[in-house]
Amino acid sequence: MIGRRQKAADKTNTRTGLCREEVQLVKISYSISEEVNKGTTVGHLAKDLKLNVNELETRQLRIVSSYKNKYFDVDVKTGHLFVADRIDREELCDGLVKCSLQIQALLSNPVKIHRIEISILDLNDNAPTFSENIFNFNISETTSTGERYLLPIAVDADTGSNSVKSYKLSQNEYFALDVQSGEEQSSSEESLSAELVLQKALDREKQAVIRLTLTAVDGGKPARSGTLQITVNVMDVNDNSPLFTRSLYKVQIVENAKIGTTLLTLSATDLDDGVNSQIVYSFAERGRFNPDIKFALNEETGTITVKENIDFEENRAYEVRVQARDKGTPPRIAHSKVLVEVIDVNDNSPEISVSSLMSLVKEDAEVGTVIGLVTITDRDGGKNGLANCRITGSVPFKLKSNYKNYYSLLVDGSLDRERISQYNVTITATDEGTPPLSGTNVITITISDVNDNAPQFPEPVINVYVKENRPVGDAIHRITTVDADTNDNAKPTYAIVNSFNSNIPVLSMVNINSDTGDIVCLQSFNYEEMKTFQFNVQAADSGVPPLSSNVTVNVFILDENDNSPGILAPYSEHGSVNSENIPYSAEAGYFVAKIRAVDADSGYNALLSYHISEPKGTNLFRIGTSTGEIRTKRRMSDNDLKTHPLVALVSDNGEPSLTATVSIDVVVVENTADIQTQFRHVPVKEESFSDLNLYLLIAIASVSVIFLLSLISLIAVRCHRTDSSFNRYSAPMITTHPDGSWSYSKSTQQYDVCFSSDTLKSDVVVFPAPYPPVDGELISINGGDTFSRTQTLPNTEKVVLVGELLLLLRSVGFAFEHVVAPETTVATEFLRRLLAA
């Protein structure tokens, strides 16, 4: 076995950005004899490739070829190239002088391709054989010495020096053997021809039959041989043989020629006369080729025509032996040779085969990555067998020529599995024939997923509404995400990462199931203690490395009617009976008392209504449903009781409604001087219209004008200051109600402002909407000008005008009550009516 390494045939580099893939083609030649045992070493491939044996496994050295059987393989541990299957040269290269196999050694990281040519050396494993065991021919006794008779040739499946090299004839006195080497033979196996040469005149009466043995010997060591028994029958007369005009005929024919096409017409002459000069043409079957299969010969005219389809890919040339035999007795025969050269026609399309194709290509594969090898084969010859290969359609792949009809399939663009997960790549090969023929092959390339997409929430902010007093452990919301990746790259896990409420331990209030995304409450919520809180949830996939995204979760606690109304002073003592005095002369609508109550709930749950529950059927007193003011319905009569026990019921608007009661004894007194107010005693003056009353009216008018001017200035300043705020929100609207209350509404928020008509016991109650925003609160301003509950309003700019308006009104009322104290009943009643309006 002989191995040798040639210089690199082709070297190509592909460079794109930071990515660099190298595909190098190096030709290495080895030779090995046929029929060697499996495992026989062909050569030290690692040494010839100048590679370290230790890196063969990591670089995935492998042998690829386009043959049906895998004749060779490589041992990655030793680096030796060895025979993997039986090699029969006669089976692989029948009739060819040179026999070689083309294989490729493929390396990865980086990719290198080495072309290996292995010459198969012939062994002398076949002996020469003749097509027949006995050869009979007749010869006239009048035949002159020197006459020649062509003998059948021996066929040896071996080639080169192992083919037939000589012929030997058994000892006899009549014939000698003349072995000739033709100068224009088509193949080496037929390069020798043997002829019998008559050396001595024949005498039929002395010997009628001559038996000879022809031995064909090949050039192998040791030599092999085959024999042919020759029987010569000695005949009389006809002493002239036919003669061909040419000893060798050459003709060309195009493959796929029509049946019946004429190749040529043979011509032979015979000097004899009569029957002995009449010639019959025929084929002389010699060797393994039978000319009768492909050609037809007219035995009378000598015309040779096409009998069967001629295929260049089957046989590029034919050697036909012809003979001319006269009709003499015995007949004489002349031989000639016809060489038929077949001209190729482009009748075979290129065939495309793909090897070493990667089953899955990662979507982050760099440009220039080799994913397969493409081989083009064309059975035609010359330019008809040369093909150009390309990829049709717009795909992120390309072909790179390595050597002649060998290509590498490379990545030529960015891949995105989420956009296209599979490509059907159509490879087209077109030969250079006229007209050109094409072949196609469609291969499927599947793109595998990489973790390049983070989980995505359906919306940037998630609002969760939870009723207060929700049981511990309830799932209040389920968070879901979508991920364009697949499998583990799209499997999310959820976690609470941080909280915006630094003073509130969010993790002690809620938890999240890492697999399902269910948010579970860890405690029962109380709307009166907390209205909302906020935290972040992170969703991370299971890819390597994992990708994540966050979402803000706003939890809004919804109020439930779980607080009863609370009675405010001076009627707040439970179980006690309160008393109020009214004069016997009280007119209808006389103010008796005002029940004030608050509810810790919000919205409609804190919207209170007042009723008199006892005594039932009374027709003396009435109470304002929304104000809580108890007034007389009519004047007193002598039949009325002096003491009237009343039970006032305060109920909210929740479902179910919660209530509170307060008991008041109304005592009717004769003298109005005995009536004591809650804050001070009011001296009784005569109701004449004095100068003091005039001054009071002037003061009232002045204060009213000042109040209106202040209000206008305040509105102008606030409008200028909060212009951007008003642009973001709808204009507020203040509506008065028949019971004396005001409603303040702005966008989706509404506030109910309630005033009592009694300046001595007036208050302001602001009711927010049924479901306020996170920072909405109930504001109550008591008669003492203090806030009973102070909370941050939803937006200071939203309610500042209304708040300041209310405070200003309250201050004016307080000034009228305490600074400009009414001195007469007329003035007092006027002030009350003014404030009530």
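Here are some worked exercises on a predicted model, each with a task and a step-by-step solution.

**Exercise 1: the strand E6 and its neighbours**

Task: Work out which side chains of strand E6 point to one face and are buried, and find the strands that pair with E6.

Solution:
- Step 1. Start with E6 itself, which covers residues 80–83 and has side chains that alternate. Leu81 and Val83 point to one face and are buried. His80 and Phe82 point to the other face and are not buried.
- Step 2. Look for a partner earlier in the chain. Strand E3 (residues 41–44) pairs with E6 in the antiparallel sense, over 3 bridges. Here His44 has His80 of E6 as its bridge partner.
- Step 3. Turn to strand E5 (residues 72–74), which runs antiparallel to E6 and is joined to E6 by 3 bridges. Phe72 stands opposite Val83 in E6.
- Step 4. Follow the chain from E5 to E6: the two strands form a hairpin with 5 residues between them. In the turn, Gly79 has a positive phi of about 85°.

**Exercise 2: aromatic rings**

Task: Find how many aromatic pairs the whole structure has, then classify the pair of Phe295 and Tyr318.

Solution:
- Step 1. Searching the whole structure gives 11 aromatic pairs.
- Step 2. For Phe295 and Tyr318, the ring centres are 5.7 Å apart and the planes meet at 85°. Planes over 60 degrees apart count as edge-to-face, so this pair is edge-to-face.
- Step 3. Place the two residues in the chain. Phe295 belongs to strand E21 (residues 295–297) and Tyr318 to strand E23 (residues 317–326), so the pair ties together parts that are 23 residues apart in sequence.
- Step 4. Check the surroundings. Phe295 has 1% relative accessibility and therefore counts as buried. Tyr318, at 3%, counts as buried.
- Step 5. Compare with Phe533 and Phe535, whose rings are 6.1 Å apart centre to centre with 25° between the planes, a stacked pair. Both Phe533 and Phe535 are buried.
- Step 6. Add a cluster to the picture: Phe135, Phe137 and Tyr149 are linked by ring pairs.

**Exercise 3: charges over rings**

Task: Name the residue that lies over the face of Tyr403, and the one over the face of Tyr527.

Solution:
- Step 1. At Tyr403, the residue over the ring face is Arg115, at 3.9 Å from the ring centre.
- Step 2. At Tyr527, the residue is Lys531, at 4.5 Å from the ring centre.

**Exercise 4: salt bridges across the sequence**

Task: Count the salt bridges in the structure, then trace which parts of the chain three of them link.

Solution:
- Step 1. Recall the background: side chains of opposite charge can pair when their charged atoms come close. The structure holds 20 salt bridges.
- Step 2. Take Asp178 and Arg148, whose side chains meet at 2.3 Å, N to O. Asp178 is in strand E12 (residues 175–181) and Arg148 in strand E10 (residues 148–150), distant parts of the chain that lie 30 residues apart. Arg148 has a relative accessible area of 40%, so Arg148 is partly exposed.
- Step 3. Move on to Asp449 and Arg417, which form a salt bridge at 3.1 Å, N to O. Asp449 is in the loop between strands E32 and E33, and Arg417 in the loop between strands E30 and E31, so the pair ties together parts that are 32 residues apart in sequence. Asp449 and Arg417 are both buried.
- Step 4. Finish with Glu670 and Lys642, at 3.6 Å, N to O. Glu670 is in the loop between strand E48 and H3, and Lys642 in the loop between strands E46 and E47, so this pair ties together parts that are 28 residues apart in sequence. Glu670 counts as exposed because its relative accessibility is 58%, whereas Lys642, at 44%, counts as partly exposed.
- Step 5. Note a network too: salt bridges link Glu35, Arg86 and Asp88.

**Exercise 5: a patch on the surface**

Task: Identify the residues that make a nonpolar surface patch of about 310 Å², and locate Leu694.

Solution:
- Step 1. The patch is made by Leu694, Tyr695 and Ile698.
- Step 2. Leu694 is found in helix H3, residues 691–721.
- Step 3. The relative accessibility of Leu694 is 41%, so Leu694 counts as partly exposed.

Key: Residues are numbered from 1 along each chain as its sequence is written. This is a predicted model: local features need pLDDT of at least 70, side-chain atom pairs count only at pLDDT 80 or more; totals for chains, interfaces and linings use all residues. Side-chain values use heavy atoms; hydrogens and water are left out. Patches are made of residues with over 30% relative accessible area and no salt bridge: like charges are joined within 9 Å, nonpolar side chains (Val, Leu, Ile, Met, Phe, Trp, Tyr) within 5 Å. Accessible areas come from the Shrake-Rupley method with a 1.4 Å probe; for residues, only the protein chains shown count as cover. A salt bridge is a side-chain nitrogen of Lys or Arg within 4 Å of a carboxyl oxygen of Asp or Glu. Helices (H or I, at least four residues) and strands (E, at least two) are DSSP runs, numbered from the N terminus. Buried means under 20% relative accessible area, exposed over 50%, partly exposed in between (1.4 Å probe, protein chains only). Rings of Phe, Tyr and Trp (its six-membered ring) pair if their centres lie within 6.5 Å; planes under 30 degrees apart count as stacked, over 60 as edge-to-face and the rest as tilted. A charge sits over a ring if NZ of Lys or CZ of Arg is within 6 Å of the ring centre and within 35 degrees of the ring normal. Two strands pair if DSSP finds at least two bridges between them.
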